[in-house]
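Colleague: I should like to learn how the features of a structural model are read. May we go through them one by one?

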Amino acid sequence: MKVRNIYKKTFSSLYHKNFRYFWFGQAVSLIGGMIQVTALSWYVYKITNSPFLLGLMGVFEFGPVLLLTLFAGVFIERFPKKKILIFTQSLFMLQSLALALFVYLGYTEYWIFASLAIVAGIGNSLDQPTRQAYVVELVGKGDLPNAISLNSTIFNLARIIGPAVSGLVMKYVGIAECFFINGLSFIPVLWGIFMISAPGNPQKKAPEKKIIQEIKGGVSYAFRNTKIFPTLLIMAVICTFAMNANVILPVFARDVLLGDEGTYSLLMSSLGLGSLLGALFMASVGKDIKSKNFLISTALAIGILQMSTLLFLKSVWMIVVLLISTGFLMMCFLNRGNTRIQLNTDDNYRGRVMSIYVLINTGSTPVGNALTGLAMDTLGEKYGFFSNGLVAFVLTLLFFFLYKRYFNKVKVVPKTKKEEQEIINQMIESTKP
C-alpha cells in the first residue's frame, strides 16, 4: 500500500487523460530534439572551429525568444492553445527536415544554419509560453507541481538518451540522419496534441486592450508581485550565466579533454542524467520543501560546482561527476522557480507571466551564449565553465543581500490595488535605516 501511495504521489498528473497524451507525445519528440541539439552544436563547431561562432548560434536561435516572447504572451491569451501548439510543432518538423537535407547535400555555409536557427527561435518564442500556460488546463492547480516535475523528467531523460543516440549515429551513420530522426519524432507529439480534448481557449472572449498595453499590464503585475519578482531575478542570473553547456561542451570535449563525438555525447548525457535525477527528486518531495532560501542556496552551489571544473581538467570521469551534480541542482532550481511562479499567478495573467518566465529562462540564452563563446575565445577553452560559475556565484551573493534587505520583509502577494499599495509602502519602509 505504501509503495502504491508513493507511486500515485510521484505520477499523480498522469491520472489526467489529456496530460497523458501531451506527456507521452512530448517524451518521443524531446529525445529527437536532443539528438538534433547535440548534432547541430558538433557540426557547427566542426565547420567553423570557432567557439564564438558556436556561441552566436544561441543568439540566432534564442534571439527571437528575447524579442517576441512578450508579444506571444498576449497572443496565447487570445487564441486556443491547442491550435498554437499544432502550428509550432509542424514548424519544428519542417525545420528539422530542412537541416537534414542541407547537411546530406554537403552544405557548410554558416549562414544557412544560422537562418534555420532563427526559424526555430521564432517557433520557440510562441511554443514555450504556450506549453507552460497549457499544462495547468490539463491537470488543474492541485497536480500542477507534479506535472511540471514530470515534464522536467522527460526533458532530462531525453538529455540522457538523445546525446547518446546522437553520438552513435554521428559516428557510425552520419550527421544528417540525426536531423531526419528528429523530424520524424514530431509525428507522435502532433498525434498526442490532436487527441487532447481541452482546446485551451483563452480566458478573455475578446481583446480589451491594445497589445502593448496588455504587455505592460503583465509586466507590471509580475514586478509588483512580491513572490514572482524576486524569483524572476534570481532565475535571470542563473539562466543567463550558468546554463551555457550547449556552447561549452563541444569545445570542452574536443579541445580540453582531447576527445571525439563519444566524449561529447558522454558529457551531454551526464548533465542530462543529473537533471533527470533532480526532476524525479522534485516530483517526489518538491511539495515538502519549505526552505525560503532554497533557490539562493542552490544557485550558489551551481556556481561552486562549475568553478570546480578547473581543478579536474585531466579527468573525464571527475568532469562527469561534476556535470551530474550540476544537472541535478539546475533541475531542482528550475523546477522550484517554475512552480513558485505558476502557483502565485492569477489565470488572467498566466499567459503573459509565463512569457516573462520563458523570456528569462530561454530568452537570456543569446546573451549567455555569446558571452561564454567570447570568454573561451579570449581566456581559453578551459575557462568556459569557470567563468560561468564565477559570474553566477558573485551575482547570486549580490541578489541574496538585496533580497534580505528589500523583499524578505514583505509577506503578502498583491491581489487588489489597495494591497499592492500597502506592499509598496512596506518595501519603502524596509529600505529605511
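Colleague: Is Lys-171 buried, partly exposed or exposed?

Modeller: A word on the source comes before the answer: this is a predicted model. Burial is judged from relative accessible area, where under 20% means buried, over 50% means exposed, and the range in between means partly exposed. Lys-171 has a relative accessibility of 44%, and therefore counts as partly exposed.

Colleague: With which residue does the side chain of Lys-171 meet in a salt bridge?

Modeller: The general idea is that side chains of opposite charge can pair when their charged atoms come close. In this model the partner of Lys-171 is Asp-260, with a distance of 3.4 Å from N to O. The pair links distant parts of the chain, since Lys-171 belongs to helix α6 (residues 144-172) and Asp-260 to the loop between α10 and α11, 89 residues apart. Asp-260 is partly exposed, because its relative accessibility is 30%.

Colleague: How many salt bridges does the structure hold?

Modeller: There are four salt bridges in the structure. One of them joins the side chains of Lys-81 and Glu-137, at 2.7 Å from N to O. Lys-81 is in helix α4 (residues 81-104) and Glu-137 is in helix α5, so this pair ties together parts that lie 56 residues apart in sequence. As for accessibility, Lys-81 is buried, at 7%, while Glu-137 is partly exposed, at 32%.

Colleague: With which residue does Arg-254 form a salt bridge?

Modeller: Arg-254 pairs with Asp-255, and the closest N and O atoms are 3.1 Å apart. Arg-254 has a relative accessibility of 27% and so counts as partly exposed. Asp-255 is likewise partly exposed, with 29%.

Colleague: I should now like to turn to backbone angles. What is the phi of Asn-49?

Modeller: Most residues other than glycine have a negative phi. The phi of Asn-49 is near 55 degrees, a positive value in a residue that is not glycine. Asn-49 sits in the loop between α2 and α3, and its relative accessibility of 47% makes it partly exposed. Leu-258 also has a positive phi, of about 60 degrees, although it is not a glycine. Leu-258 is found in the loop between α10 and α11 (261-285). With a relative accessible area of 69%, Leu-258 is exposed.

Colleague: Is Ser-50 buried or exposed?

Modeller: Ser-50 lies in the loop between α2 (17-48) and α3. Its relative accessible area is 13%, so Ser-50 is buried. When residues up to four places away in sequence are left out, Ser-50 touches Tyr-45 and Asp-377.

Colleague: How should one read the packing of two helices, and at what angle do α10 and α15 pack?

Modeller: One considers the angle between the helix axes together with their separation. Helix α10 (residues 245-256) and α15 pack at about 25 degrees, and their axes are 9 Å apart. An angle under 35 degrees counts as roughly parallel, and α10 and α15 are therefore roughly parallel to each other. The contact involves Asn-246, Val-247, Ile-248 and Val-251 on α10, and Asn-369, Thr-372, Gly-373 and Met-376 on α15.

Colleague: Which residues does Phe-186 touch, apart from those up to four places away in sequence?

Modeller: Phe-186 lies in helix α7 (residues 175-195) and is buried, as its relative accessibility is 6%. It touches Ser-29, Gln-89, Phe-92, Met-93 and Ser-96, with residues up to four places away in sequence not counted. Phe-186 and Ser-29 are 157 residues apart in sequence, yet their C-alpha atoms are 5.4 Å apart in space.

Colleague: Finally, which helices each supply at least two residues of the nonpolar patch?

Modeller: The helices are α3 (51-75), α5 (110-139) and α15 (365-379). The patch lies on the surface and consists of Phe-52, Leu-66, Leu-67, Leu-68, Ile-118, Ile-122, Val-367, Leu-371 and Leu-374, with about 740 Å² of accessible area together. Helix α3 gives the most, with four residues. Leu-66 lies in helix α3, and its relative accessibility of 40% means that Leu-66 counts as partly exposed.

Key:
Residues are numbered from 1 along each chain as its sequence is written. This is a predicted model: local features need pLDDT of at least 70, side-chain atom pairs count only at pLDDT 80 or more; totals for chains, interfaces and linings use all residues. Side-chain values use heavy atoms; hydrogens and water are left out. Patches are made of residues with over 30% relative accessible area and no salt bridge: like charges are joined within 9 Å, nonpolar side chains (Val, Leu, Ile, Met, Phe, Trp, Tyr) within 5 Å. Accessible areas come from the Shrake-Rupley method with a 1.4 Å probe; for residues, only the protein chains shown count as cover. Buried means under 20% relative accessible area, exposed over 50%, partly exposed in between (1.4 Å probe, protein chains only). Axes are lines fitted to C-alpha atoms, for helices over the stretch in contact, and angles run from 0 to 180 degrees between N-to-C directions. Angles under 35 degrees count as roughly parallel, over 145 as roughly antiparallel, 65 to 115 as roughly perpendicular and the rest as oblique. Contact means heavy atoms within 4.5 Å.
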